[in-house]
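User: Could you take a close look at the pockets of this protein for me, starting with the largest one, and show me how the neighbouring parts fit around it? I'd love one connected walk-through.

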Amino acid sequence: MGRYARYLRMLRSQRGTLLGAVALGALAGAASGFGLPFFLQKVFRDIFEAGAGRSFGEVLLVASFLPLVFLLRGITLYFNQYLLNAVSLGLLGEIRQQLFDKLQRLPLLYFDRKRSGDLLARILADTSQIQDALVAATREILLQPFVVLGGVGYLVYLGLTNRDAALLLVLLLLVPLMTLPVVYIGRHLRHRGRQTQRSLGELTGALSENLLAAAEVRAFNLEEAERSRFRGELARFHRASMKAVKYNQATQPLMEFVAAAAIAAMFVAAYSRQIPFETFAAIGAALFFTIDGCKRLVRVANEMSKSAGAFERIESVLDEPETVPVPDHPAAVGRLRGEVRFDQVAFAYGDGVPALYGIDLTVLPGTVCALVGPSGAGKSTFTKLVPRFYDVSAGTLTIDGTDVRRMDPAALRGQIALVPQSPVLFNTAILENIRIGRPDATREEIVEAARAAYADEFITELPGGYDAMVGENARRLSGGQRQRLALARAFLRDAPILILDEATSALDAESEQKIQEALAKLCRGRTVFIVAHRFSTIRIADRILFFDQGGIAADGDFETMMREPVFRRLYEKQTG
Ligand SMILES: Nc1ncnc2c1ncn2[C@@H]1O[C@H](COP(=O)(O)OP(=O)(O)OP(=O)(O)O)[C@@H](O)[C@H]1O
Ligand SMILES: [Mg+2]
């Protein structure tokens, strides 16, 4: 029951609508389950049996009862469905929104572990499965119980007004009997549903990976391998879906068989007890609605069982702990000076293997630190700890004397400008892409930042200039142009701390020089951590941190570092 509390909470704002729908469903259900059998009995007794004894007016009155019942049923049903659809679509929207919101809050560590394709499937495919279940449920769930109640109610009413009450009660016992196969089948459906959704996640994963690697697939002639991988995933999905179909489709015939047995029993009883025809017809109608209502409810139950897996997959995202928590009483973060201190810091990614350990370091405000060292030494990891993309596993990291874990991540990140190795641009105008650096910046300020980053030149040459769209994945911009846009963002942000992972891709001499000049300008007066691949960058640094195997092996200014054999070897290798 605990699991439903979450959804009930989401429904709280729609309480009124839901209540209206329940009332309308009760009316519509009673009109079918009770109204129609009642009408049948009346028609047969009053019109056919009394025959010519009835006046035309009386016949008309009795007959008009039928369209009236249907009119009542139709109107109430229409509004019942309308309101219920509004509620279920609202619920679905709320689930999707909460999932998306949660993804914004989840720590980066979560995304390292999960495939983005699988997450995509959770937001789209799993919620679609739930949508199917909800649509099936909305059609029946508030209506059929009342139809069944109406039908059963009529049977009880007959039983009370008829001497064959015992017989009717026996018939009623058949109803619970019908639900027996359902319990068994439901269990299987839940299991299969889980498999289907998992396999759909794999399928979406394969698809999104393929789309991201469109160029690689062609470059390495992977088309055939990719096709057969996709075919394999599709086949697995197909098998899982067909197993669900097998169980799902078995329910109806089983229930109909039980229903037919009930009707056969009724024939025998009617014959031996000589039940009058009108009673017989009314019992038939009431039984029909009872059985049909049950059948429909079972279909909903099946659909719900099939969605159990989808619900679980969604809930596992919603319940994922947020391991970079916002403290309850965050320390006030004004404009930082930028004194960064690592005190015996160690850090391990999810796998537990330490990527950094024994980091002990104080960086004074305004110091430009170049991070160098072999690949995999921990340079990027080091830079990710500062903005709390990950929290340290041991030790403390303080900025201006405050433990970063006591700061609100958003406030902290507001004081940091980040230029990643391969900057991501959003599919909007150039102007908006730079504005990310500071959302309240004016157009003039943006242009000024672009000038400082030597980006203005190429931007004004684009058709549309600053209003040109960058296109999906910024395919229309070169690597050097993207880097300059990222630098422009950093200029605009004007933060006391700057973190820069230098691009490894080679640039032409002119771009390279422009980026170096922009960089030197950008570094001035800030605490800077720059993962440096170019020696021209290392030369502008006040301090060089040499990383090796997760630790800082050497640390000092350029002259000191040139006396360190490890650094000297690296330097000489690069400068030839
Ligand atoms: N998201 C991650 N999940 C698990 N392990 C990771 C992750 N990112 C990096 N690592 C591991 O942490 C170690 C340090 O990686 P890091 O990216 O910090 O190296 P680097 O010094 O930046 O290397 P490069 O110069 O190649 O960029 C490596 O062993 C790497 O395999
Ligand atoms: Mg790196």
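Analyst: Happy to; here is a tour of the largest pocket, followed by the sheets, the largest cavity and the second largest pocket.

Please keep in mind that this is a predicted model. The protein chain is divided into domain 1, residues 9–318, and domain 2, residues 340–575. Between the centres of domain 1 and domain 2, taken over C-alpha atoms, there are 56 Å. The lining of the largest pocket takes at least three residues from each of these two domains.

The volume of the largest pocket is about 1,600 Å³. Its lining counts 39 residues, and Leu108, Phe389, Arg413, Leu418 and Pro420 lie nearest the centre. Seen by element, two or more lining residues come from each of helix H4 (65–105), helix H5 (108–113), helix H13 (379–385), helix H14 (409–413), strand S6 (416–419), helix H18 (479–493) and strand S7 (497–501). By class, the lining of the largest pocket has 23 nonpolar, 7 polar and 9 charged residues.

Let's follow S6 and S7 out of the pocket. They belong to an open sheet of 6 strands with mixed pairing, and its order is S6-S7-S8-S3-S9-S10. S6 is an edge strand, pairing on one side only, and so is strand S10 (551–556) at the other edge. From one strand to the next, the twist averages 15°. Further along the sheet, strand S3 (residues 368–372) runs parallel to strand S9 (residues 543–548), and 4 bridges join them. Within that pair, leucine 371 stands opposite leucine 545 of S9.

Two helices that pack on this sheet deserve a look. H18 touches S6 and S7, and its direction makes about 175° with that of S6. Helix H19 (residues 509–523) touches S3, S7 and strand S8 (527–531), with a direction about 155° from that of S7.

These two helices lead us to the largest cavity. The structure holds 3 cavities of 30 Å³ or more, and the largest cavity has a volume of about 100 Å³. H18, S7 and H19 each give at least two residues to the lining of the largest cavity. The residues that line the largest cavity are Val419, Pro420, Gln421, Gln483, Leu487, Leu500, Asp501, Glu502, Ala503, Ile515, Leu519 and Arg534. Their classes are 7 nonpolar, 2 polar and 3 charged. Pro420 links the two linings: it lines the largest cavity and is also among the residues nearest the centre of the largest pocket.

There is another sheet to place beside the 6-stranded one. Here 4 strands form an open sheet in the order S2-S1-S4-S5, with antiparallel pairing. The edge strands are strand S2 (354–363) and strand S5 (402–403), each of which pairs on one side only. Strand S1 (residues 340–348) is joined to S2 by 6 bridges, and the two run antiparallel. Valine 345 has isoleucine 359 of S2 as its bridge partner. S1 and S2 form a hairpin with 5 residues between them, and glycine 352 in the turn has a positive phi of about 90°. S1 also pairs with S4 over 5 bridges in the antiparallel sense, where alanine 394 in S4 is the bridge partner of alanine 346. Strand S4 (residues 394–399) and S5 in turn run antiparallel and are joined by 2 bridges, with isoleucine 399 standing opposite threonine 402 in S5.

Last comes the second largest pocket, with a volume of about 710 Å³. It is lined by 25 residues, of which Tyr4, Leu91, Leu134, Ile141 and Met304 are the closest to its centre. Helix H1 (2–11), helix H2 (15–49), H4, helix H6 (116–140) and helix H12 (277–318) each give two or more residues to the lining of the second largest pocket. That lining divides into 20 nonpolar, 3 polar and 2 charged residues. H4 ties the two pockets together, as it gives two or more residues to the lining of the largest pocket and likewise to that of the second largest pocket.

Terms used
Residues numbered from 1 in each chain as written. Chains lettered and ligands numbered in written order. Predicted model: local features only at pLDDT ≥ 70, side-chain atom pairs only at ≥ 80, totals over all residues. Heavy atoms only, no water. 1 Å grid on protein atoms, 1.4 Å probe; cavity = no way out; pocket = protein on both sides within 12 Å on 5 of 7 lines; lining within 4 Å. Points joined across faces, edges and corners; volume = space filled by probe spheres on them. Nonpolar A, V, L, I, M, F, W, Y, C, P; charged D, E, K, R; others polar. Domains from an automatic or database assignment. Pairing = 2+ DSSP bridges. Axes fitted to C-alpha atoms, helices over the stretch in contact; angles between N-to-C directions. Contact = heavy atoms within 4.5 Å.
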